[in-house]
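Open your viewer and get ready to click along with this tour. At each stop you will find something to select and a short note on what is there.

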Amino acid sequence: MSQPVNPTNPDAEGTRPMGHRHGDEPLLELKDLCVSFTSSTGTVEAVRNVNLTIYPGQSVAIVGESGSGKSTTAMAVIGLLPGTGKVTGGEILYKGKDISTLSSKEMEAYRGSEIGLVPQDPMSNLNPVWRIGTQIKESLRANNIATGSEADKRVTELLEEAGLPDAERRAKQYPHEFSGGMRQRALIGMGLAARPNLLIADEPTSALDVTVQKQILDHLGTLADELGNAVLFITHDLGLAAERAEHLVVMHRGRVVESGPSLDILRNPRHPYTQRLVKAAPSLASARIRSAQEQGVEAPELLNHSSAEVAEEVIRVENLTKVFDIRGAKGAKKKFKAVDDVSFGLRKGTTLALVGESGSGKSTVANMVLNLLDPTSGKVYYKGTDLSTLNRRELFAMRRKLQVVFQNPYGSLDPMYSIYRCIEEPLKVHKVGNRKERENRVAELLDMVAMPRSTMRRYTNELSGGQRQRIAVARALALNPEVIVLDEAVSALDVLVQNQILQLMADLQEELDLSYLFITHDLAVVRQTADDIVVMKQGQVVESGTADEIFAGAKEAYTRDLIDSVPGLGIELGVSI
């Protein structure tokens, strides 16, 4: 079933003809909605003339990159616009009544009981000093649903409903005692506490592993079916949107550029921006590769892989084990084996992906390869040299050959340093060249990562996430390394920016004959980029092979689960899209 956008919007390009209705009356209608923010430089129009209709029981997704206005639209609906944000035009009709003009006191009657919210970041949306149960109880009390022992009972029911085992005990715990997936489930419990008719899920799984993401989304879908509520997804992941929503609304720079049934838009995107999004989505690229292979068509342009069949190993990891002491634990529990007898080889000029869920030990392996952690046992060889035999001076020289790009571009660059100083630092530390030569090298590196040379004089807070990650790549390349460890290097980025960085890394690999050790939990990205794959679970290697072997015939159930959990991978797409 699918319901296209409100036909009263003649401006939205690519809207499809009217389809089946879920009910006679819309639950939510946005009519020419405009939202503005006031800043020191004037007024910023964040949302411009947006039209959208949601019917009871329907699932709709708004997709677009950061800054497209999708979250602002959702926050306007629930009356939680941040800072100076306000609705400056149009209507928000909920069950036929315009709620855009209500005071914040009047909005309280709708918030929670009529319109629920599952926010994006569970860690910053839960109070760290309150127990989980207390926080859910607060939402029950605020909506006059239950108090006292009745509320305690209801809290346990909600946590069970949200898929948390041992709910009574869990309710007494604090947020830091929950994993990311568990915290997100608690937020879903909170969002559904008052049984709202509409649930807004704002990037509900962007920080989660692919398998946990699937469980959460399956769970949201089941609850929506059981409770009959409508769901509005806000996401930048087109694969997820297509798989979970019947109807898709694409936003770009505050406007709706295309709207219609999800699969129609994916298979036949009309607006150039939607076409770019579909092309850039890793899960959909993976789906195209699969479709191409099933049709017996070669699709090399979809893959960034190098075709090196036989190449010398530049890194060899043998029987690597890492055991940590657990503080405060007694007896046998004092030891935790994070990495258990791991072996693999990285071939020169290729990409090896180390994949697994959070806690599988993949980043610990990367840290031992980089010599940032000492192995408890086992060896890391670089071109046949055992790294554990090197003295401090030799190790310092070796670091030039092994560089790293971290996950978070916001945390890995010093905000007090100019971009020039960030990139120059490794050259200075290793005493490479004089000041003039270093300046030329920094300019050259900025060219390499397609950043203007004028960026040198700027600071990290002036750059977007994608630009910062380009600077991190430039810094990693400064010393002409042979191996780069990419630790979740694109997971914090929007799909279009992610695609640019992956393309950049592929071009640099070809040009400079680089070898990449790619640490990630995103198998859609792995499908596009990796030559070889090593799958880790609970510190051990459960499966390894070439990318084609693993995706075509994974032997382990765990690997198949990881692959099957990639949102949108099962969607049939034409090879030409």
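Two residues are in contact when they have heavy atoms within 4.5 Å of each other. Keep that in mind for the first stop. One more thing before setting off: the model on your screen is predicted.

**Stop 1: Gln 213**

Select Gln 213, which sits in helix α7 (residues 210-227). Which residues is Gln 213 in contact with, leaving aside its neighbours within four places in sequence? Show Thr 205, Leu 208, Leu 240 and Pro 567, and you have them. Gln 213 has a relative accessibility of 9%, so it counts as buried; the cut-off for buried is under 20%.

While you are in this helix, look at the residue that follows in the numbering. Lys 214 belongs to a network of salt bridges that also links Asp 218, Glu 243 and Arg 244. Show these side chains together to see the network.

**Stop 2: the whole protein**

Now zoom out and colour by secondary structure. How many helices and strands are there? The protein has 20 of each. It is built from 577 residues, and 55% of them count as buried. Take the contacts between residues at least 6 apart in sequence: 70% of these join residues at least 24 apart. The accessible surface is about 25,400 Å², with 48% of that belonging to carbon and sulfur atoms.

**Stop 3: Arg 170**

Next, select Arg 170 in helix α5 (residues 167-170). Is Arg 170 buried or exposed? Its relative accessible area is 17%, so Arg 170 is buried. Not counting residues up to four places away in sequence, Arg 170 touches Ile 132, Pro 165, Glu 177, Phe 178 and Met 182. If your viewer has a distance tool, try it between the C-alpha atoms of Arg 170 and Leu 159: they are separated by 8.3 Å, and the two residues are eleven apart along the chain.

**Stop 4: some salt bridges**

The model has 22 salt bridges in total. Here are three to look at.

- Select Lys 95 and Glu 114, whose closest N and O atoms are 3.2 Å apart. Lys 95 is in the loop between β4 (86-94) and β5 (97-98), and Glu 114 is in the loop between α2 (104-107) and β6 (115-118), so this pair ties together parts that are 19 residues apart in sequence.
- Select Arg 154 and Glu 157, where the closest N and O atoms are 2.9 Å apart. Both are in helix α4 (residues 148-161), and because they are three residues apart there, about one helical turn separates them. Arg 154 is buried, at 15% relative accessible area, whereas Glu 157 is partly exposed, at 34%.
- Select Asp 325 and Lys 335, whose side chains meet at 2.7 Å, N to O. Asp 325 belongs to strand β11 (residues 313-325) and Lys 335 to strand β12 (residues 335-347), so the pair ties together parts that are ten residues apart in sequence. Both Asp 325 and Lys 335 are exposed.

**Stop 5: strand β13**

Select residues 351-355, which make up strand β13. Why can β13 be called largely enclosed by the rest of the structure? Because five of its five residues are buried. In a regular strand, side chains alternate between the two faces of the sheet. Turn β13 to see its two sides: Thr 351, Ala 353 and Val 355 are on one, Leu 352 and Leu 354 are on the other, and both faces are covered.

Now add the partners of β13. Strand β18 (residues 515-520) runs parallel to β13, and five bridges join the two. Leu 352 has Leu 517 as its bridge partner in β18. Strand β19 (residues 532-537) is also parallel to β13, joined by four bridges. There, Val 355 is partnered with Val 535.

**Stop 6: the largest cavity**

Keep Thr 351 selected for the last stop. The structure holds two cavities of 30 Å³ or more, and the largest has a volume of about 70 Å³. Ten residues line the largest cavity; those nearest its centre are Thr 351, Met 505, Ala 506, Tyr 516 and Thr 529. Which element gives the largest share of the lining? Select helix α17 (495-512): four of the lining residues come from α17. Strand β18, which you met at the previous stop, supplies at least two.

Key. Residues numbered from 1 in each chain as written. Predicted model: local features only at pLDDT ≥ 70, side-chain atom pairs only at ≥ 80, totals over all residues. Heavy atoms only, no water. Buried < 20%, exposed > 50% of the residue type's maximum accessible area, 1.4 Å probe, protein only. Areas by Shrake-Rupley, 256 points an atom, 1.4 Å probe, with all protein chains shown as cover. Pairing = 2+ DSSP bridges. Salt bridge = Lys/Arg side-chain N within 4 Å of Asp/Glu carboxyl O. 1 Å grid on protein atoms, 1.4 Å probe; cavity = no way out; pocket = protein on both sides within 12 Å on 5 of 7 lines; lining within 4 Å. Points joined across faces, edges and corners; volume = space filled by probe spheres on them.
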